[in-house]
Amino acid sequence: MSKILKIHGLEKTYTSGSKELTVLKDINFEVGRGQTFSIIGPSGSGKTTLLGLCAGLDQPNGGTVELCGVDLSTLNEDERAALRNQKVGFIFQNFQLLPTLTALENVSVPLELQGNRTAASRAALLLEKVGLGDRMDHYPSQLSGGEQQRVALARAFCNQPEILFADEPTGNLDEETGEKVIQLLLDLNKDAGTTLVIISHDLDLAARTQQIIRLKGGQILSNQPTSTVDYE
Amino acid sequence: MNKLRTISGVFWLFKMAWRDARASYTRLLLFMSSIVLGIAAVVSIQLFSENLTNNIQRQSKALMGADFVIETDQVPNEDVQKVIDSLNADASEVSFLSMVAFPKNNGTRLVNVRGLQGAFPFYGTIETQPENAYQQLMQQDAAVVDATLLLQYQLQPGDSIKIGAITLPIAGSVESIPGSNAMSSSVAPTVIIPYKVVEATQLLQYGSRKEYKYYFNQPEADLQALEQIIEPQLDRQDADLDTHVSTSRRLGRRYENVGNFLNLAAFIALLLGCVGIASSVNIYIKEKLAAIAVLKCIGASRKQSFLIYLIQVATIGLLGGIIGTAIGVALQGIIPIALKEFLPFNVEIGITLQPLITGIGLGLIIAVLFALIPLIKTYYVSPLEVLRSGKSSKVGVGAQISIAIIITAVLFVFTYWLMDDQLNALGFILGVGFTFLILLGSASLMMRLIKKYFPRNGTFTLRQGLLNLYRPNNQTIVLIIAIGIGTFLISTLYFTKDILLSKADLSETKSTANLILLDVQPDQVNLVQETIRSSDMPILDNIPLVTMRLHSINNKLVSDLRVDTTTTIRRWILNHEFRTTYRDSLADTEQILQGEWVAIHNPLETVKISISDNLAQDAQLTVGDPVVFNVQGVLMETVVGSIRQVDWTNLQLNFSIVFPDGILENAPQFNVLTTNAATPDQSARMQQKMVQAVPNVTIIDLRQVYDVVEDILNKVSWVINFMAFFSILTGIIVLIGSVRTSKYQRIKESVLLRTMGASNRQILKITAFEYFSLGILGSLLGILLALISSYLLALLVFKEPFIPSIIPFAVFLPAISIIVVIIGLSNIGNVLKSSPLEVLRKAA
């Protein structure tokens, strides 16, 4: 299986005053195309920082990130943005919809950025698929949390990404709604054959992916197939 | 294909800008309104200036009444008369100041008598009531009298006017004469009489101030040749030639200065609006940073994110420009009304393209320019914000400096374009920058001081109110700048008006002159003195006056200096007829700066004169320099013996040249006497007697002059008030804009407080305290800055002691603070009326 994400010797430190804080240290792993993947760990373990680096939202202090066959360190900010637009999808804990855009507009933006003339019709199709066909003209503030996350799902799959990053996708939802959203995410992912990287501290959610990385104190504790993980 | 992608890319940017603006259009409109009034002011003044220039050019002949005119302040000598005869004058005039009496009610008044003959004016008209009054007076000996004067003295056509030795019937009132405005005739109103009766008045005696004018109706004349050949000839003979073109040029320059002042006042209003734009866009963009990070996360480039918001700002700038320009066009009709008293003609209103383009362009440029500082943040915001807020990259120092340089450069270029003078433009930019910096520094200092000396034991409402002044997204700096600038402008206006009025003020003591009697011939001195004393009034001064002109300065002939283009001696020195005096002591208003005062002339030495410091500077003379005067045809050699400082601001008789006793006693001379009238009635009675006894004596009533000065200042301050209105209203809009921009944050905080149990009264108190602090500090700073600048004006420019008016402190300070509190409280009206849940949902 070819690799869509290759992480090698990744390091990230932050400077706070005169102190240097190492958030990630010597991170190495690879994700195969079409694989579902979880990164789990307690708060402060460096999960979100790792996701930011993998998706090219931030730059590491050391090591390399190869996303979709491209070494991210060779790209500038705009080139990384273009890569994300073409090949990456995102789902966030707090949905991150654009508050001034309707559901339909939110979903169509990634395709519009590509200059795709069928953006609106594809966005409408996806909204129908996530069960929001009758809420297309609603603004985020007029939608419930679950509905907002479904719009975010539609947006994430709109540009047919090669890889999708989900940061605590159910973190702001109640259990029932969260389950519905996760099922939808996994269904959509299966249909599209997208690589899925989920960041969560929810072990049940992680268990539904094929591979799990455990992070602690900025280092990888384990990286193994879900079937071999000892949940005790 | 690429082109298509580019077009669709640009289209998408506009679409995104529109989508994003939909939810915030009321706020964007409020940003826009910050600049609308400033643009309106600039456009209306620009249009007015253009109209004025066009009118002056179009009406140049009507302004003069002729194609060209030759002027001289003495009876033309042989050479001048030859020129006049050779050019064949079509009309002539002699004008002089004189007292006149109205037998109907025994009224007396100083007037400007204009004796006219010929068909003047050849262009424009002398407007009279009845319409044929001027033609009537030319056919039969009569007078037309200034309309206001007729009203003041309740006179009607058919009544009579006594001018010197003759009494004429009044044929009507004169409403307007080519080339003169309402203001110029306020001190000495005009009375027109036929030229042929002037001699019979017996008023043109030695020492009388008079002016002869010869008007020419020659449309085909080569005016350039006249200016180049004839004018220098006349100049040498102390005469002058003016063409309608040169007069309109001079007039244009004079009103250009007025235009510059009005333009700058308008520009200040616009700058204030710019502060509003910068501050409002700053908060607006801050709220958008999260959305921009999301956009970048899903693939938008830095340029695209920046352009979306740039398009929004440019659009509101453009709209502001269009609306401001439309208001400016509507307002331009008011400006000629505001300036009516200062204009010698009716300004015909028209619309020219350039001010319209300026207004719209200015709206666009100024909005984008001042929004650049906050806008640039959109370029630098990191997509990582979607994961962790507060991680946005900082704007580089280089980018900030570049923007500051661009803003300063554009402001300088625009100011230079308005003023057409690099130094003045630089001074203006520095002055405005300094004022902004002081207000900004004071606001920052206040926030630091409150933080440092925070009253931890104060009441809950006091602490919350004070906290609001320096917590994130506070509006302290922008509100203090807006309030401070507005208050500064109106306070400066009041203080300056006070200085100007106190300058013309008359001390009401018996020892200070308030009546000056000019042109008293030596044989009339006794009679004049008796007349004054018989009215129970004192003789305060009896000063002899001898008129003379400069013949040579430092051994250089004045006639040579007039044609010497390299000389730096001021021109007026070479053409001026000096009214000098002689005495043995210094006056109270004088002080010797250099040399020694000579009381009595030593016949063995050259005459040592004393000159004023301004004359020494303009004539480039110092102690010991030789000066030759032409005293009525006799040359008199003198040297500068001393240089005096003279307090010209004193409304008493001051002289630039003073001779010692013992030299001019036998020269042709006349006297000036001063006296003090305790009441206007006493003054009027004495004037009636004086006009009867010695009609040629001119009486200047300083009380009337003071009234005229006050009237002029009131009219000027009306114009300044009119311009300040733009700044004040803009200040209020910026205030409302700034307060509204932080509305949702304030509401959320107030609702949280309410949820936790705060009463409406407490919330009101917190808000009122916050805005009252801002109002009082902003207005106090504005008044203090105005106090400093007015004090400097009084000290350096007017050289007057400065006693500040109480009005800014007693009226502006509380009034502005209350307005600020009202605007602030209006912001939380929703919170007080609605339930916390309702408001929280709305705010979400």
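**View 1. Two domains of chain B, set apart.** In this predicted model, 52 Å separates the C-alpha centres of domain 1 and domain 2 of chain B. Domain 1 is built from two stretches, 1-65 and 260-420, while domain 2 covers 66-250. Chain B also holds domain 3 (445-507 + 707-844) and domain 4 (539-675).

**View 2. Helices H2 and H10 of chain B cross each other.** Here you can follow H2(B), residues 25-58, as its axis comes within 6 Å of the axis of H10(B), residues 302-331. The two axes cross at roughly 40 degrees. Angles from 35 to 65 degrees fall outside the parallel and perpendicular classes, so H2(B) and H10(B) count as oblique to each other. The crossing is right-handed.

**View 3. The residues where H2(B) meets H10(B).** Zooming in, look on the H2(B) side for residues including B:Leu28, B:Phe31, B:Met32, B:Ile35 and B:Leu47. Across from them, H10(B) offers, among others, B:Gln312, B:Ile316, B:Gly320, B:Gly324 and B:Leu331. Sorted by class, the residues of this contact comprise 16 nonpolar and seven polar, with no charged ones.

**View 4. Chain B meets chain A.** In this contact, 23 residues belong to chain B and 26 residues to chain A. On the chain B side, helix H1 (2-22) and helix H9 (244-297) each provide at least two residues. H1(B) gives the largest share, with seven residues. The chain B side that touches chain A is a mix of 12 nonpolar, four polar and seven charged residues.

Note on methods: Residues numbered from 1 in each chain as written. Chains lettered and ligands numbered in written order. Predicted model: local features only at pLDDT ≥ 70, side-chain atom pairs only at ≥ 80, totals over all residues. Axes fitted to C-alpha atoms, helices over the stretch in contact; angles between N-to-C directions. Helix = DSSP H or I, 4+ residues; strand = E, 2+ residues; numbered from the N terminus. Parallel < 35°, antiparallel > 145°, perpendicular 65-115°, else oblique. Left-handed = near helix turned anticlockwise from the far one by under 90°. Contact = placed C-beta atoms within 7 Å. Nonpolar A, V, L, I, M, F, W, Y, C, P; charged D, E, K, R; others polar. Domains from an automatic or database assignment.
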